[in-house]
Amino acid sequence: AENEPPWGTPCTQLLVFVAMPGCDGFPSLDSKENYKLSVSEGSLLLSADAIWGALRGLETFSQLVGRDENGTYYINKTEIVDFPRFPHRGLLLDTSRHYLPLRAILETLDVMAYNKFNVFHWHIVDDPSFPYESFTFPELSKQGAFNPMTHVYTASDVQTVIEYARLRGIRVIAEFDTPGHTLSWGPGAPGLLTPCYLGKEPSGTYGPINPILNSTYKFVTNLFQEVSTVFPDFFLHLGGDEVDFTCWKSNPKIRAFMKEMGFGEDYKKLESFYIQRLLDIISSLGKGYIVWQEVFDNGAEVRPDTIVHVWKENPTPYMEEMANVTKAGYRALLSAPWYLNRISYGQDWMAAYKVDPLKFKGVPEQKDRVIGGEACMWGEYVDVTNLTPRLW
Amino acid sequence: GRRAMGRAMGLAGLLLGLFLVPAVLVSTSFRHGAPPAEPVPEPAEWERASGPFREDSLWPLPQWLRTSPRQLQLAPGRFQLVHGAGSSAGPDCGLLQDAFRRYYEYMFGQSPRWTRGRGPPGGRGEPELSQLQVVIEAPDPGCYSYPHLASSEAYHLTVTEPVAILKADEVWGALRGLETFSQLVHEDDYGSFLVNESEIDDFPRFAHRGILLDTSRHYLPLKSILTNLDAMAFNKFNVLHWHIVDDQSFPYQSIYFPELSDKGAYSYNHVYTPTDVSLVIEYARLRGIRVIPEFDTPGHTQSWGKGQRDLLTPCYSGEHPTGSFGPINPILNTTYDFMTKFYKEISSVFPDAYIHLGGDEVNFDCWKSNPEVREFMRKQGFGIDYAKLESYYIEKILDIVSSYNKGYVVWQEVFDNKAQLKPDTVVQVWMGNNYAHELSSVTGAGFTAILAAPWYLDYISYGQDWKKYYSVEPLNFPGSEKQKKLLIGGEACLWGEFVDATNLTPRLWPRASAVGERLWSSRNVTNLQDAYERLTNHRCRML
């Protein structure tokens, strides 16, 4: 008859079948995100090994539902078998260069879910500000936040983010970047940063974390003890990028230490000395770690299960770096071509799309060590007024 | 001329009385007291936020300004913006009444807690500023008129107890002065509203200071346009160049030719009704902003062809039409009948004295392919110079528009292709390649010019690109004094290929603010560090 809708039998239920239990857990690097979607007459079935796959399948299902010009909702007969190529698909937000209110982070997590991202890399503190409210060291945000009353993430905020993310199958990996990028830590932790010298006298300015004091390692242990319990993911991102040696070189006590340790003039050795002790601390806390590529480049001794985050385009081209990292046996994450804060005119999404993370010379075992990548939205020129249209 | 007085430095300076700070003379490190003790850090480096706004975070910087450290208090419950004695404008001046309420809200917020207070003055011991009196001096204040190119935007502001006085020739200057006054009012750490004793004498360097919005590549909902008009007023922009239609869509709902938008808009929801248009024009007028519509022809007209058959030139491949169309067909009488009627409507809908006629980027390929057009070229003796055909068309349009007593603005190609222009034509220079040379040519030929070339804000790039817009000096072109006077201003353009309501505001502002100061403030206001400090505060204020 003429008035019969062109569509088949009305569908009333999407059945979701999950093989493995585990609704209350947190997603991890090993989580299974595969799913099957089967849409046919009278039957809508979404099946997945784990709940994380069900989330991915629901997103896909929601994208399949269309609406015709009469307003009728419909869906085509479909068969989908889906799983991610890479298990680590992340997004970095920087809440130190500019504070991002909770709603901006939550909105970002929603859009991440629309795009099947599964890691929120929270670059939470850095030089300009320290918004993380620590219960072990409350002075850090009291002295280091842009405004300690308003521009902070309370413990409750952090839990909100972690749970909101979990419900979308998104891991939250916090980054407390050291020993560089730590100026905002100084006011709340006197004695932590290296005092820079002008000749024989302190100049009044500070540099990276002071690697020669025992108090430093005591502080770091206590802080990361807290961070390890607050953030449930197995991995922490420890930073380790862009350590400026000028301040260390200017400090006579550090120079003396260098001599004592036989490091000569190679401050990379001092940096690695710090990093190695930090990594041991983190390991003893039962966490794994991700580090920026400098840690690897500068020859620090890291655990075999370290993940190296490749972000630089020079001096070594990033694909070459990916080859080097994986050849040395470490797992790698790629971000270098995906610094979305570097805006330019026109359809720059194409350049990001064309990147092939595995386009480097290496044996299959190496390629397997590339676990994924991250799009980064550094915050120098980004706050809540422009985050969303800049990122998506 | 203005007296120049060296500024005493440091604490000693603060204890003295008045400082004279002619902006003309400014070495801006002096304006804020003692020069910084260390090199001012690169904005990208970390710097602890130093607290509330500086008292003189004015944007754009006035022509002449002197401030004293002496402060006056304002009580929101008592403070009033009123018409002063002797003003030619009074309570019946809707434009000013509206402005009074708007600026009161900008300064004090819309908090219901500001009930009329009669209680004892609390807090600080400073004297109270109870009123800002606005005095319009010209016999016809302009309350009911539309702003135009020759409107006076000058104002004189005296802030001293017990009342501040804002004098202006016309209401337009009062609007500019109210914006400045609102920028002077600041809060201290305790929440008290304060303003420094000051005297400001101000007027714009250039009379045409515009923003171009493109509502064809992407439709912009009304709200977006109105928000933008607010932002323009914060920056003393006074022209909205509304590039309303183009190839991609025709959202303007025409009264005589409803099919244009019926068939040419993206959808029925993506149109500007006559009411919408009136709203924009009035919202702009209340902010002293002219609305100059652009109906760009003969190129950039694909969307016109959907609702107006036979308007566009059919393209040919050999002997046969291909089914696609090119620019407006310049050889048919029907084209000019249509244009005559269309511009009759536009001339009555848009009150400004000027209409922008476009005339850019006309692609000749389609014309060349069409045998009737080629025949016409032959008959007219144009040879194979299609620029002549383009000029033929343009000149006829110019005549039509002139017959409605409107002036016109055209893109530079119209001038470059040697169309015959009336002497009061305004030529908009937009091509980036050696625009200084083009400015010389245009003004050298006696035409008025406006500059857009270095200010295409749709061309985004990483970092602080506001600096490059700020550093443009419009008069840096070879020419006589007389020529330079013909450059009446400029426009920041936000073409819409990659812009819609989801990203317009953060993309346009505060980058356009840099252009705003360049066009308003004195030529010597060029210090990037000082601009950075004022602009960061101004931006937060705009939010």
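## Rings, turns and a shared interface

A:Pro315 sits in the loop between β14 (307-310) and α10 (318-327) of chain A. The peptide bond leading into this proline, from A:Asn314, is cis, with omega near 0°. The model is predicted.

Chain B offers a cis bond too. The peptide bond from B:Trp509 to B:Pro510 is cis, with omega near 5°. B:Pro510 lies in the loop between α16 (504-508) and α17 (511-520) of chain B. Most residues other than glycine have a negative phi, and most peptide bonds are trans.

Two residues of chain B have a positive phi although neither is a glycine. The table sets them out.

| Residue | Phi | Loop in chain B | Relative accessibility |
|---|---|---|---|
| B:His300 | about 60° | between β10 (290-297) and α7 (302-307) | 11%, buried |
| B:Asn405 | about 60° | between α11 (386-403) and β14 (407-411) | 71%, exposed |

Why does B:His300 count as buried? Its relative accessibility is 11%, and buried means under 20%. B:Asn405, at 71%, counts as exposed.

**Chain B and its helix α13**

Chain B has 18 helices and 17 strands. Of its 543 residues, 57% are buried. Take the contacts in chain B between residues at least 6 apart in sequence: 75% of them join residues at least 24 apart.

Helix α13 (residues 435-444) of chain B gives a local view. Its buried residues are B:Ala436, B:Glu438, B:Leu439, B:Ser440, B:Val442 and B:Thr443. What covers them? The cover includes α12 (412-416), β15 (426-429), β16 (448-451), α15 (481-485) and β17 (487-494) of chain B. Just after the helix, B:Gly446 takes a positive phi of about 90°.

**Aromatic pairs**

Over all chains, the count comes to 62 aromatic pairs. One of them joins A:Tyr132 and A:Phe176: the ring centres are 5.2 Å apart and the planes stand at 80°, so the pair is edge-to-face. A:Tyr132 lies in the loop between β8 (119-123) and α3 (139-144) of chain A, and A:Phe176 in strand β9 (residues 171-178), so the pair ties together parts that are 44 residues apart in sequence. Both residues are buried.

In chain B, B:Tyr219 and B:Tyr272 form a stacked pair, 4.7 Å centre to centre with 25° between the planes. This pair also links distant parts of its chain, 53 residues apart. B:Tyr219 is in the loop between β8 (208-214) and α4 (222-234) of chain B, while B:Tyr272 is in the loop between α5 (259-264) and α6 (274-285). B:Tyr219 is buried, at 16% relative accessible area. B:Tyr272 is buried at 0%. Both tyrosines belong to one aromatic cluster, whose members include B:Trp242, B:Phe295, B:Trp304 and B:Phe350.

Charges sit over rings as well. The charged end of A:Arg277 is over the ring of A:Tyr217, 3.8 Å from its centre. B:Lys484 lies over the face of B:Phe477, at 5.1 Å from the ring centre.

**Where the chains meet**

The contact takes 17 residues from chain B and 21 residues from chain A. Together the chains bury about 1700 Å², 64% of it on carbon and sulfur atoms. How many salt bridges are there between chain B and chain A? The count is 1. The side chains of A:Asp383 and B:Arg539 meet in a salt bridge, at 3.1 Å from N to O. Polar contact across this interface comes to 4 residue pairs, with both residues at pLDDT 80 or more.

Notes. Residues are numbered from 1 along each chain as its sequence is written. Chains are lettered from A and ligands numbered from 1 in the order in which they are written. This is a predicted model: local features need pLDDT of at least 70, side-chain atom pairs count only at pLDDT 80 or more; totals for chains, interfaces and linings use all residues. Side-chain values use heavy atoms; hydrogens and water are left out. Rings of Phe, Tyr and Trp (its six-membered ring) pair if their centres lie within 6.5 Å; planes under 30 degrees apart count as stacked, over 60 as edge-to-face and the rest as tilted. Helices (H or I, at least four residues) and strands (E, at least two) are DSSP runs, numbered from the N terminus. Buried means under 20% relative accessible area, exposed over 50%, partly exposed in between (1.4 Å probe, protein chains only). A charge sits over a ring if NZ of Lys or CZ of Arg is within 6 Å of the ring centre and within 35 degrees of the ring normal. Contact means heavy atoms within 4.5 Å. Buried area is the accessible area (1.4 Å probe) that two parts lose on being put together, summed over both. A salt bridge is a side-chain nitrogen of Lys or Arg within 4 Å of a carboxyl oxygen of Asp or Glu. A polar contact is a pair of N or O atoms within 3.5 Å; within protein, one must be able to donate a hydrogen and the other to accept it, and residues adjacent in sequence count only if both atoms are side-chain atoms.
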